[in-house]
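Visitor: I should like to go through this model with you, one site at a time. May we begin once the sequence and structure are displayed?

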Amino acid sequence: MKRILAAFMLLVCMTGCAAQPQSYTADFFAMDTFMSITAYGENEQAAQDTAVQLEQRINALEPALSRTREDSDLYRLNHADGAVCEVSEDTYAAIEAAVQYAEWTGGAFDPTMAPLTDLWGINTDNAHIPAQAEIDAALAHVGYQNIELLGDNQVRLLNGAQLDLGGIGKGFATDAAAALLDGSASVLATLGGNIGAYGENPNRDSGNWVVGIADPDNSADYLATVEVRGLSVVTSGDYERYFEQDGRRYHHIFDPATGYPADSGLRSVTVIDERSTRADALTTALFVMGLEDGMAFCAEHDIAAVFVTADKQVHTTEQVDAVCTFTFLGDEKGYAYAQ
Ligand code: ADP
Ligand code: MG
């Protein structure tokens, strides 16, 4: 009997173990954000190898996208006084993408907002409302048209422009990590508000990954979920980096037209897209555009987006149903689903 039981146990283990992939999670801090990469593999070592490889790629990108590190390409470019600079391939590709999305969104996304970011100091000890004259002076240097891409990784900044790739950095890193995966790898990459959900989720029958869209008033809770596979889900909102003064909230997404934090009646925008860089640029741009213009832009370009408004409405674009399963959970939190 004992022997039969042992044989049975072995069989269960063999079939069970073979069917159940092992996971490994790498938690780390990069690009000023907590990141977490969970990879699955046939054994723990394989899962760990994948997760660590992606972590290393993202860490290696940090100097390519940072503008504060003095050893970075962007720092050199921003301090070159208009001279031509050679930058790394990654930096060049990120600037190229940023310019492309700036043109596409009519400048709502603009990677030359650095002087405004510095002036307002959101998320630093020096966060404050600048004088209008200071804002005007900073805005005089803003404009993606001031970026000259000269080919062969050569870039020049005109008119005292300064680059800030903070609006697409995490999306670019998500895409760069995803590019290392073969199509069948199961990985959930969480880079702050940027999520990449690749391959099959072994923990669910559907194989889909469930990603929450945060409640802006309690980011540990969700207003909705989207079920996705092979996609990135990116959210930008006013609830993570901000300060308050006289009952008003000043957050880190700036309207390039005013030099003020975008005051568009939105709390957050989520974009679901194959390309995380695109989704990242879009969440920032759509936040600046506001609900009406943003919805129109999405309809014109088939973009899957979820808008959360300050008057507690959740709107989804038509494309959302085409790319994922959306579930609204905001009723009890006082939100209405406007569709
Ligand atoms: P997060 O970095 O919190 O995910 P975003 O992707 O929306 O949020 O990026 C916001 C960052 O992008 C800001 O911290 C700033 O560095 C930069 N930024 C702010 N406003 C704009 C804008 N209109 N266009 C491009 N980048 C912007
Ligand atoms: Mg963004």
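Visitor: Are Asp 280 and Thr 284 buried or exposed?

Guide: The structure before us is a predicted model, and its accessibilities are computed from the atoms. A residue counts as buried under 20% relative accessible area and as exposed over 50%. By that criterion, Asp 280 and Thr 284 are both buried.

Visitor: About how many helical turns separate Asp 280 and Thr 284?

Guide: Asp 280 and Thr 284 both belong to helix H8, which spans residues 276-289. Because they are four residues apart in that helix, the separation is about one helical turn.

Visitor: Which protein atoms are the donors of the magnesium ion (ligand 2)?

Guide: The donors lie 2.2 to 2.5 Å from the magnesium ion. Their residues follow the sequence spacing G-x112-D-x3-T. Asp 280 contributes both an O and an OD atom. The protein donors are therefore Gly 167 (O), Asp 280 (O), Asp 280 (OD) and Thr 284 (OG1).

Visitor: Which element gives the most residues to the shell around ligand 1?

Guide: Ligand 1 is surrounded by 16 residues, the closest being Asp 110, Asp 164, Ser 236, His 252 and Phe 254. By class, the shell comprises seven nonpolar, five polar and four charged residues. The greatest contribution, three residues, comes from helix H8.

Visitor: What percentage of the accessible area of ligand 1 does the protein cover?

Guide: Polar contacts with ligand 1 include a side-chain one, in which a polar atom of Asp 164 lies 2.6 Å from a ligand oxygen. A backbone N or O atom of Asp 110 is 2.9 Å from a ligand nitrogen, and a side-chain N or O atom of Asp 280 is 2.9 Å from a ligand oxygen. On its own, ligand 1 has 560 Å² of accessible area, and the share of this covered by the protein is 92%.

Visitor: How many disulfides does the model contain?

Guide: A disulfide is a covalent bond between the sulfur atoms of two cysteines. The criterion applied here is a pair of cysteine sulfur atoms within 2.5 Å. By this rule, the number of disulfides is zero.

Visitor: Why is Cys 324 not bonded to Cys 298, and what is the distance between their sulfur atoms?

Guide: Cys 298 is buried, at 2% relative accessibility, and Cys 324 is buried as well, with a relative accessible area of 8%. The sulfur closest to that of Cys 324 is the one in Cys 298, yet it is too far for a bond, so the two remain unpaired. The distance between these sulfur atoms is 13 Å.

Visitor: Is Glu 42 buried or exposed?

Guide: Glu 42 sits in the loop between strand S2 (33-41) and helix H2 (44-65). Its C-alpha atom is 8.6 Å from that of Ser 23, a residue 19 positions away along the chain. The relative accessible area of Glu 42 is 73%, so Glu 42 is exposed.

Visitor: Is Ile 95 buried or exposed?

Guide: Ile 95 is part of helix H4 (residues 89-104). Its C-alpha atom is 29 Å from that of Ala 39, from which Ile 95 is 56 residues apart in sequence. With a relative accessible area of 0%, Ile 95 is buried.

Visitor: How far apart are the C-alpha atoms of Glu 244 and His 128?

Guide: Glu 244 is located in strand S11 (residues 242-245), and it is exposed, with a relative accessible area of 53%. Glu 244 and His 128 are 116 residues apart along the chain. The separation of their C-alpha atoms is 9.3 Å.

Notes: Residues numbered from 1 in each chain as written. Chains lettered and ligands numbered in written order. Predicted model: local features only at pLDDT ≥ 70, side-chain atom pairs only at ≥ 80, totals over all residues. Heavy atoms only, no water. Near = heavy atom within 4 Å. Polar contact = N/O pair within 3.5 Å; in protein donor to acceptor, adjacent residues only side chain to side chain. Areas by Shrake-Rupley, 256 points an atom, 1.4 Å probe, with all protein chains shown as cover. Helix = DSSP H or I, 4+ residues; strand = E, 2+ residues; numbered from the N terminus. Nonpolar A, V, L, I, M, F, W, Y, C, P; charged D, E, K, R; others polar. Donors = N, O, S within 2.8 Å, 3.2 Å for Na, K, Ca; no water. Buried < 20%, exposed > 50% of the residue type's maximum accessible area, 1.4 Å probe, protein only.
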